[in-house]
Amino acid sequence: MAKYSWPEKPTLLGTPVKRLDGPDKVTGRARYTHDINRPGMIYGKIVRSPYPHAKVVSIDLSAAEKAPGVKATLAYMKPGDEVHYQGDPVAAVAADTEERARDAARLVRVRYDALPQVSSEAQAMAADGPKWSTTQPNTRAGQRAETGDLEAGFRQAGHIVEQTYSTHVITHVCLETHGAVCEWDGDKLTAWVSTQGVHQCAQGFAQALGIPQTNVRVITQYMGGGFGSKFAPDSQGIICAKLAKAAKAPVKLMLDRKEEHLDTGNRPSAFAKIRAGVSSGGKLTAFDGQSWGTGGAGAGSGFPLPYLYQFPNRRRVHTDVYINAGQQRAMRAPGHPQGCFLTEILMDELADRVKMDPVEFRIKNAPPLAPNAQWIKYFQEGAKRFGWDKRHATGDPTPGPIKTGMGVSAHLWGGAGRGSQAHVDLMSDGSVVVKCGTQDIGTGTRTLVAIVAAETFGLPVSAVKPEIGDTIYPFSGGSGGSTTAASVTPAIRTTSVNALDQLFAKVAPTLGVTPDQLAAEGGRVFVRGNNSKGLSWKDACKLIGTEPISVDGKWEDGLSSSGTSGVQFAEAEVDIETGVVRVKRILAMQDCGLIVDKLTAESQAYGGVIAAINFALFEDRILDRVTGQMVNPNMEWYLLAGMSDVPKIDIVLNNMPERGVIGIGEPPTVSTASAIANAVRNATGATIRSLPLHPHKVLAALEQERAGGTN
Amino acid sequence: MKAFAYVNPATEKEAVAALKIDGIAMPLGGGQDLLARMKDYIDSPDRIVNVKGLDATVTATPDGGLKIGSAVKIVDLAENAQVAALYPAVVAAAGEVGTPQIRNQGTVAGNINQRPRCWYFRNEEFVCYKKGGSRCFAVNGENQYHAIFGNDGPSHIVHPSSLAVPFVAYGARFRVVGPNGEREVPAAEYFTMPTLQNVLKENVLDDEELLTHVILPAPGNVKHGHYEVRYKQSHDWPLAFATVVLMMSAANGTTGANGTSGNTIRSARVVLGAVAPVPWRSRPAEEALAGKPLSEATAALAGEAAVSEAKPMSGNVYKVQIAKTAVKRAVMRAAGIKTV
Ligand SMILES: Cc1cc2nc3c(=O)[nH]c(=O)nc-3n(C[C@H](O)[C@H](O)[C@H](O)COP(=O)(O)OP(=O)(O)OC[C@H]3O[C@@H](n4cnc5c(N)ncnc54)[C@H](O)[C@@H]3O)c2cc1C
Ligand code: SF4
């Protein structure tokens, strides 16, 4: 299929192109779902269970129905149903103002029979502990894999490390909360949804509401963050549509911050008891890991382990643990930050045992160099750029309370493309419209669509009108798994190439050549090798005639691939008198195949790194151990980095045009936290084997270190 | 949020009168605390009385001190040259409160009278002592940010006001007006340790009273230090902090063996924040400082002494170390010794 390829000498691809909607976003002109207001619109509010585990005895809507401004009420659960987490939706109301909807929701009288709840992994796994469900067990066997000869591996080991490592539950904290505005016209539904998948959402609405998918239109022009938590209409979308139907009015139902923490997903916890061996020469020999974690009420918690490095003999047995808390959802590189942390702290401990430098040790045990495995190169280049040679051995000898250290860590991701369709119209006035039912979730997809079409037509980016974020446009998949760029850009490329071919066919007779002799560059269509023989783009398009060139196309193999690698370096400062950790510098070495837009690719890496600093230091979903209710469902005690907590971040992107486009949204967030934790270990000499690196843990580890060691 | 009436009085008198209703009336400063409580259904007043129109000036008093109006914005306090010259710890505390937006909007009286940030108090589900319930959820629950001093109960909050701590350290008096006229209360006596009788409040202010002024006495020959330990650098609460005000002996100019000024501390005020239900005055630290040369060694002793009587809860032992460091570094700052 040589027909489709990326240009060998691109003029736009890989250059820094500013995001097209940047000005709209910073001036507030961009309208997010929160900003959608429809004539006659009213507001929905969900009534949620305050109990983590209970049986619904009765739901009385009568007082709410009579409350001022109320236009509709509905019961979402029925007596006898079991609620499995605080925030489980039970009923809903709609009223003419947001305040009245909130007030009315509180008048819905739900009687519950509270049941004992499970609020931690340890409780769930205790033999005679409470049960998260009256019908299902607290644990279930998860991933299991074994390779090589474990016993032989441990016999070869000169040193063995045996420790327990863990990461905690964090929530997605999308700045724009989940929600929708739903409006009916007969049995046709238009829904403005804050979603990562307009077409998936349409399908979800159709299934839940029993209407044909062709009757549903979903629109998402601007989206304030999803990170894997926004693919389906969810309960709030379905409730919104039902309230709108019942009230015969458009309904806006956006969740508040508390609901967002409780009921829109999270990254599961991960624990692993690991025994690992290394030969005295520094080669990994064996890995035996028993892991567990919780994805909340009935959801899995798997993750890759061991991560990345080559343990020839290994065994891994995982247990999914259920507790009474909101269910996990995919969260930016699902599973990888956990597997990475659990493995990378261990790696530094093993390196210390054989007295090897962590970079050298990793190079020795990393998979060999390959297009999708650039780690060895990044370790070497990154170490130079970062000044790794200035790193001291474990434990900063500098006097005074501030200790500084460096850490390193590596990661991998897929990011393949898949089916995506597109449509291109070339008008006789020279204007170009590119349509694709993808959505820009803040990653820059709208800009990438324009760049690829502009590159193909030899036009400036501003000459292309990208139309996305609406199910009236051709199908494209959900923006998850870092697949969007690799799915959408090939579709735009093939469709644009085909449209250009049709234009060439119209222009060729006028220029007295065959279409295959034509090229389009610099705003002109001309005979290849004889640049002066040609027409301006505008004049060329005049030959299109009254019927525009209108082409459908789709993703084809060969323009995208899968598999990326990255390495990150961190420098951190620890105040050993307060336990406060401050990240000073991060260096991220990363590839993503052919870079489409340098700016938006870098921006993904910046965002990923900052999110991971939050994971490492600040975020923590804290459930009250007695009641099982979340104590910090806000942005005050659910800590997130502010500007002054963000360090200097250097991004080094390795452009690999020969590989085609690969996604970059997820990988840069994987290894930052491990690199920071290793930097803290290098600074203090104390090993903290669980996240987040809160002062209380840092001080406890330092105390333990003074009392005889954390190793 | 429950619908409420809004009153905008022009004078102290009118404001006090407006607080007297059949129902619940509450004064509104910058609203940074009150509005959030109303939105979260922690409080549902029938009337709110805007008090941003009250005195918003800082004026000199005849005895060489300053009088700060209740409606002064935190940002204006942080940027006031007179305050900076006389009471640098007040400026330091004001400058670190929350975020620029909170400082731009929040007022002095609102900051002093803000309600606890205990996460059980702020979430509707938990009906604890402070909301008329009969238990404190922090005792057996998540208490990593709770008190390490004054933990006799029933409530284990840490007082949230940053400004209260230097005000107590400088010996401020609070002017209060009510239906029966005005009174002045020493800042140190304004805040109350919780008992079963008074647990619904954090201070002596009556429902129909207003805090109108903070009156700071002339500081005298003092050295000041303020140090806050924060985990995040923005939009966060301190884990622990301290203000020290050191009354120096008159004899100046001698130079000690270590090259620092040989000034001797006559007496000291050491007040800690974010560690107890009230701004916590540490007598042991004050005693450890009295009569000593102002040095790093003395600072370390004061830090140790400050936490000698700490009684942390199950999950906040680590705060003892942080409080110790805060006191030590506040004294070092008073001495002009570099801290981190
Ligand atoms: C993330 C975050 C971080 C924060 N960090 C800090 C911090 O580090 N340090 C700190 O001190 N604060 C901090 N705050 C709290 C903030 O500073 C206070 O909420 C603010 O100062 C309150 O001032 P206000 O004028 O807005 O009060 P309001 O909300 O208007 O009032 C607060 C209370 O005081 C009462 N009140 C107001 N005026 C009077 C009066 N004249 N007489 C009697 N009662 C009155 C009100 O009725 C109300 O109950 C933080 C807040 C947040 C959300
Ligand atoms: S510390 Fe005070 S406010 Fe917090 S739960 Fe206990 S009684 Fe309530």
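Trainee: Which element gives the largest share of the shell around ligand 1?

Mentor: Start by sorting the shell by secondary structure. In this predicted model, α7(B) contributes the largest share, 4 residues.

Trainee: Which residues come nearest to ligand 1?

Mentor: The shell holds 33 residues, and Pro27(B), Gly29(B), Gly30(B), Thr107(B) and Ser162(B) come nearest. Sorted by class, the shell has 14 nonpolar, 14 polar and 5 charged residues.

Trainee: How do I read the polar contacts, and what lies 2.6 Å from an oxygen atom of ligand 1?

Mentor: Look for N or O atoms paired within 3.5 Å. Here a backbone N or O atom of Gly29(B) sits 2.6 Å from a ligand 1 oxygen. Gln32(B) also uses a backbone N or O atom, at 2.8 Å from an oxygen of the ligand. Arg37(B) instead offers a polar side-chain atom, 3.2 Å from a ligand oxygen.

Trainee: How much of the accessible area of ligand 1 does the protein cover?

Mentor: On its own the ligand has 990 Å² of accessible area, and the protein covers 95% of that. Elements giving two or more residues to the shell are β2, α2, α7 and β8 of chain B.

Trainee: Which domains of chain B does the shell draw on?

Mentor: Domain 1 (53-117 + 158-216) and domain 2 (222-335) each supply at least three residues. Their C-alpha centres lie 22 Å apart, and the contact between them takes 27 residues from domain 1 and 22 from domain 2.

Trainee: What area is buried between those two domains?

Mentor: About 2,000 Å², with carbon and sulfur atoms giving 70%. On the domain 1 side, Glu96(B), Val165(B) and Ala169(B) lose the most area to domain 2, together 27% of what that side buries.

Key
Residues numbered from 1 in each chain as written. Chains lettered and ligands numbered in written order. Predicted model: local features only at pLDDT ≥ 70, side-chain atom pairs only at ≥ 80, totals over all residues. Heavy atoms only, no water. Near = heavy atom within 4 Å. Polar contact = N/O pair within 3.5 Å; in protein donor to acceptor, adjacent residues only side chain to side chain. Areas by Shrake-Rupley, 256 points an atom, 1.4 Å probe, with all protein chains shown as cover. Nonpolar A, V, L, I, M, F, W, Y, C, P; charged D, E, K, R; others polar. Domains from an automatic or database assignment. Contact = heavy atoms within 4.5 Å. Buried area = accessible area lost by both parts, 1.4 Å probe.
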